[in-house]
Amino acid sequence: MSYLTTYTFAVPKDKDRLRLDKFLSESLNSISRSRIKDLIEDDHVISDGVIVDDPSSKVRVGEIYILKVPDPIPAIPIAQKIVLNIVFEDDDLIVINKSAGMVVHPAAGHIDGTLVNALLGHCGSSLSGIGGVTRPGIVHRLDKGTSGLMIVAKNDISHRHLSQQLENRSLSRRYKALVWDALSPRQGSIEGAIGRNPANRKKMAVVKKGGKSALTHYRTIKLIGTRASLVDCRLSTGRTHQIRVHMSQMGNAIVGDPLYGGGFSRRLKDAPEKPRKMLKELNHQLLHAYFIGFIHPKSRKKMCFRSDISKEFKELIEVFEEF
């Protein structure tokens, strides 16, 4: 990646214990605090040779922070006519049921065909601009391979209100996951800070230092045959790959997960041909955001939506039930 400018800042006495995003935004008036926050979360801030990706972390006197501002993405997302599964829509927001395999916003390797391109084709210029040029209206994200419900803001007031609910954890999200084996205990909570895996920057991991606090509540819905479990997960925080990382940490990686669910060949070495064939063809994790609840930004009414797992998800459950 090429960088437009690199800035270096030392923390003075009067800035001790400030949030990192606040310190950097006060030190660099030309970039907004929200943009600073995005740059931190996208790994563009370094201190003492280590990437710092938590905007809320506290700075200390004498520390040196290097902020690298990447070159702007030249292409503004184009509107495309892509079919969307719209669960609800009004003048303020849209609730989308995203299919597995759809990327949420343009990025390297995915400049079009994303949810944002589809939303621009559907809504035109009415989407909220807070998320930036490449992420208009996007309040929260789902991984490419994760299906399910997402909220999209159609104006800035709605975006601020929904983002606040996300931050104070009043926006409720629940997921269904098909995981390997039986969880022990069958229900509980997983708490472990999540940060970049030092051995593989493409992966996240539960880390002892430098991560963001993460809390996932889980409940086994039922055992699926002898090799898998259907699990209900509720997020108290929303970290990158949170459920995938936490389930893997438990030893119950999500079936089909290309990053965290390795070893399926070993698990199925004595299984019938059908499940082996289906899993080899599966290129995404069986994780579905089936419930979302929030307060409508204008009416202030509680709204809740549910969506069913996909046909593919159901078929794999049926296959696992047979052995």
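This briefing describes selected features of one protein structure, grouped by topic. The structure is a predicted model. Its salt bridges come to a count of 16. The points below take up several of these pairs, then a charged surface patch, the backbone, and the surroundings of individual residues.

**Salt bridge between helices H1 and H2**

- Asp21 and Arg33 form a salt bridge through their side chains, with an N to O distance of 3.5 Å.
- Asp21 belongs to helix H1 (residues 20-27) and Arg33 to helix H2 (residues 33-41), so this pair ties together parts that are 12 residues apart in sequence.
- Asp21 has a relative accessible area of 3% and is buried, whereas Arg33, at 36%, counts as partly exposed.

**Salt bridge between helix H2 and a loop**

- A salt bridge also joins the side chains of Glu41 and Lys212, at 3.8 Å from N to O.
- This pair links distant parts of the chain, 171 residues apart: Glu41 is in helix H2, while Lys212 is in the loop between strand E11 (200-206) and strand E12 (215-224).
- Glu41 is partly exposed, its relative accessible area being 30%.
- Lys212 is buried, with a value of 14%.

**Helix H5 and its salt bridge**

- The side chains of Arg244 and Asp257 meet in a salt bridge with an N to O distance of 2.7 Å.
- Arg244 lies in helix H5 (residues 242-250), and Asp257 lies in the loop between H5 and helix H6 (264-267); the two residues are 13 apart and link distant parts of the chain.
- Both partners, Arg244 and Asp257, are buried.
- Lys15, Lys22 and Glu26 are joined into one network by salt bridges that share partners.
- In helix H5, the buried residues are Gln242, Ile243, Arg244, Val245, His246 and Met247.
- Gly251, just after H5, takes a positive phi of about 90°.

**Negative surface patch**

- Glu312, Glu315, Glu318 and Glu322 form a negative patch on the surface.
- One of these residues, Glu315, is in helix H8 (residues 311-321).
- The relative accessibility of Glu315 is 33%, and Glu315 therefore counts as partly exposed.

**Backbone features in loops**

- The peptide bond that runs from Ser184 to Pro185 is cis, and its omega is near 0°.
- Pro185 is located in the loop between strand E8 (172-180) and strand E9 (187-191).
- Asp43 has a phi near 70°, which is a positive value in a residue other than glycine.
- Asp43 is in the loop between H2 and strand E2 (45-47), and Asp43 is buried at a relative accessible area of 17%.
- Arg169 is not a glycine, yet Arg169 has a positive phi of about 70°.
- The position of Arg169 is in the loop between helix H4 (156-168) and E8.

**Surroundings of Ser147**

- Ser147 is part of strand E7 (residues 147-153).
- With a relative accessibility of 11%, Ser147 counts as buried.
- Leaving aside residues up to four places away in sequence, Ser147 touches Lys98, Ser99, Ala100, Leu142, Leu287, His288 and Ala289.

**Surroundings of Leu127**

- Leu127 occupies the loop between helix H3 (115-123) and E7.
- Leu127 counts as buried, at 9% relative accessibility.
- Apart from residues up to four places away in sequence, the contacts of Leu127 are Leu119, Leu120, Pro136, Val152, Ala153 and Lys154.
- Leu127 and Asp92 are separated by 35 residues in sequence and by 9.0 Å in space, from C-alpha to C-alpha.

**Position of Pro77**

- Pro77 is in the loop between strand E4 (64-70) and strand E5 (86-89).
- At a relative accessibility of 9%, Pro77 counts as buried.
- From C-alpha to C-alpha, Pro77 and Ser99 are 20 Å apart in space, and they are 22 residues apart in sequence.

Terms used
Residues are numbered from 1 along each chain as its sequence is written. This is a predicted model: local features need pLDDT of at least 70, side-chain atom pairs count only at pLDDT 80 or more; totals for chains, interfaces and linings use all residues. Side-chain values use heavy atoms; hydrogens and water are left out. A salt bridge is a side-chain nitrogen of Lys or Arg within 4 Å of a carboxyl oxygen of Asp or Glu. Helices (H or I, at least four residues) and strands (E, at least two) are DSSP runs, numbered from the N terminus. Buried means under 20% relative accessible area, exposed over 50%, partly exposed in between (1.4 Å probe, protein chains only). Patches are made of residues with over 30% relative accessible area and no salt bridge: like charges are joined within 9 Å, nonpolar side chains (Val, Leu, Ile, Met, Phe, Trp, Tyr) within 5 Å. Accessible areas come from the Shrake-Rupley method with a 1.4 Å probe; for residues, only the protein chains shown count as cover. Lys and Arg count as positive and Asp and Glu as negative; His and the chain ends are not counted. The place of a charge is taken as NZ of Lys, CZ of Arg, CG of Asp or CD of Glu. Contact means heavy atoms within 4.5 Å.
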